[in-house]
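Q: Please take a close look at one part of this model, a sheet together with the helices packed around it. How is that part put together, and where does it sit within the rest of the chain?

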Amino acid sequence: MAHEQNKAVARNSLLLRSLPDQHVETLLSHGIFRHYDRGETIFLQDEEAAEIHVMIEGWAKLFRIAPNGSETVVSVFARGESFGEAVALKGARYPVSAEAVTPAEVLHIPSSLLVSLMKQEPQISISILASTFAHLHSLVEQLEQLKAQTGAQRVAEFLLKLCRCDSGGCEVVLPYDKVLIAGRLGMKPESLSRAFARLKTAGVEIKKNHAVIEDVQKLRGYAEIDPAEAWHKGGTA
């Protein structure tokens with residue numbers, strides 16, 4: 001049952017949802033679902049990129065280690081998101097390392113299989129381009145949010161993307177390390193804490209690594225109102 005649920009998440013992922021069904025089944029049948037404990041390495045910088053990775057459950061971070069030993073988090077990925085496409089399809093080496101920051105389930109798809117399917121059916125290449133465009137659009141959205149939304153609104157949008165329901169109450173799991181969330185949203189950790197506090201007026205309560213949302217529609221309304229109005233409701237960060 002759990003395996004079928006994992007497949008369902010994979011089918012709806014950004015990478016696979018625009019591909020023809022028969023090819024999705026081929027990729028899933030050759031893919032490997034693997035569990036990672038918190039802190040476990042998914043791949044290391046400079047390893048040959050032979051797989052594309054889809055987050056099924058949990059969180060993973062991409063990071064680089066500087067010569068002085070300091071760590072820079074490049075990005076954070078959650079359920080339904082994929083990473084490693086560009087370097088894997090190019091046959092290059094990973095420019096970053098990846099690590100599970102919570103217990104995680106990850107689907108690994110051999111890039112050679114995807115390349116082979118792309119050569120057989122050009123339509124797949126178009127679907128992959130659509131996925132790449134969606135990645136780019138997501139980056140543009142993040143830039144727009146930095147300029148046009150308050151900190152609390154950005155956190156609200158972030159929580160909404162994690163929700164598995166469209167209405168009513170919902171509870172989502174967060175990484176234990178809130179620094180990762182702050183980095184992803186372009187905020188300082190202390191600003192994130194203030195934003196969480198201000199979202200109480202929108203029906204959000206933080207309990208350790210869980211966010212309990214009273215009403216998804218209410219939170220969506222808060223995320224979409226004019227920033228000036230959000231500011232008056234205590235939405236700055």
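**A three-stranded sheet and its helices**

A: In this predicted model, helix α6, which spans residues 151–162, lies across the strands β9, β10 and β11, and its direction makes about 95 degrees with that of β9. The strands beneath this description form an open sheet of three, arranged in the order β9-β11-β10 and paired in the antiparallel sense. Because β9 (170–173) and β10 (204–207) stand at the edges and each has a single partner strand, one side of each is left without a neighbour in the sheet. From one strand to the next, the twist averages 20 degrees.

Within this sheet, the pairing of β10 with β11 (residues 210–213) can be followed in detail: the two strands are antiparallel and are joined over four bridges, and I206 has A211 of β11 as its bridge partner. In general, the strands of a sheet pair through backbone hydrogen bonds, in either a parallel or an antiparallel sense.

Helix α6 also meets a second helix, α8 (residues 189–198), and the axes of α6 and α8 come within 9 Å while crossing at roughly 75 degrees. An angle from 65 to 115 degrees counts as roughly perpendicular, and α6 and α8 are therefore roughly perpendicular to each other. On the side of α6 the contact is made by G151, A152 and V155, and on the side of α8 by L192, A195 and F196. Sorted by class, the residues of this contact are five nonpolar and one polar, with no charged residue taking part.

Elsewhere in the chain, another open sheet has four strands in the order β1-β8-β3-β6, again with antiparallel pairing. The edge strands of this sheet are β1 (32–36) and β6 (82–83), each of which pairs on one side only. Strand β3 (residues 51–57) runs antiparallel to β6 and is joined to β6 by two bridges, with V54 having S82 as its bridge partner in β6. Helix α4 (residues 111–120) packs on this sheet, where it touches β3 and β8 (104–110), and the direction of α4 makes about 50 degrees with that of β8.

As for the chain that holds both sheets, it has ten helices and eleven strands, and 44% of its 237 residues count as buried. Among contacts with a separation of 6 or more, 72% are accounted for by residues 24 or more positions apart. The protein chain exposes about 12400 Å², of which carbon and sulfur atoms supply 54%.

Methods
Residues are numbered from 1 along each chain as its sequence is written. This is a predicted model: local features need pLDDT of at least 70, side-chain atom pairs count only at pLDDT 80 or more; totals for chains, interfaces and linings use all residues. Side-chain values use heavy atoms; hydrogens and water are left out. Two strands pair if DSSP finds at least two bridges between them. Axes are lines fitted to C-alpha atoms, for helices over the stretch in contact, and angles run from 0 to 180 degrees between N-to-C directions. Contact means heavy atoms within 4.5 Å. Angles under 35 degrees count as roughly parallel, over 145 as roughly antiparallel, 65 to 115 as roughly perpendicular and the rest as oblique. Ala, Val, Leu, Ile, Met, Phe, Trp, Tyr, Cys and Pro count as nonpolar, Asp, Glu, Lys and Arg as charged, and the others, Gly among them, as polar. Buried means under 20% relative accessible area, exposed over 50%, partly exposed in between (1.4 Å probe, protein chains only). Accessible areas come from the Shrake-Rupley method with a 1.4 Å probe; for residues, only the protein chains shown count as cover.
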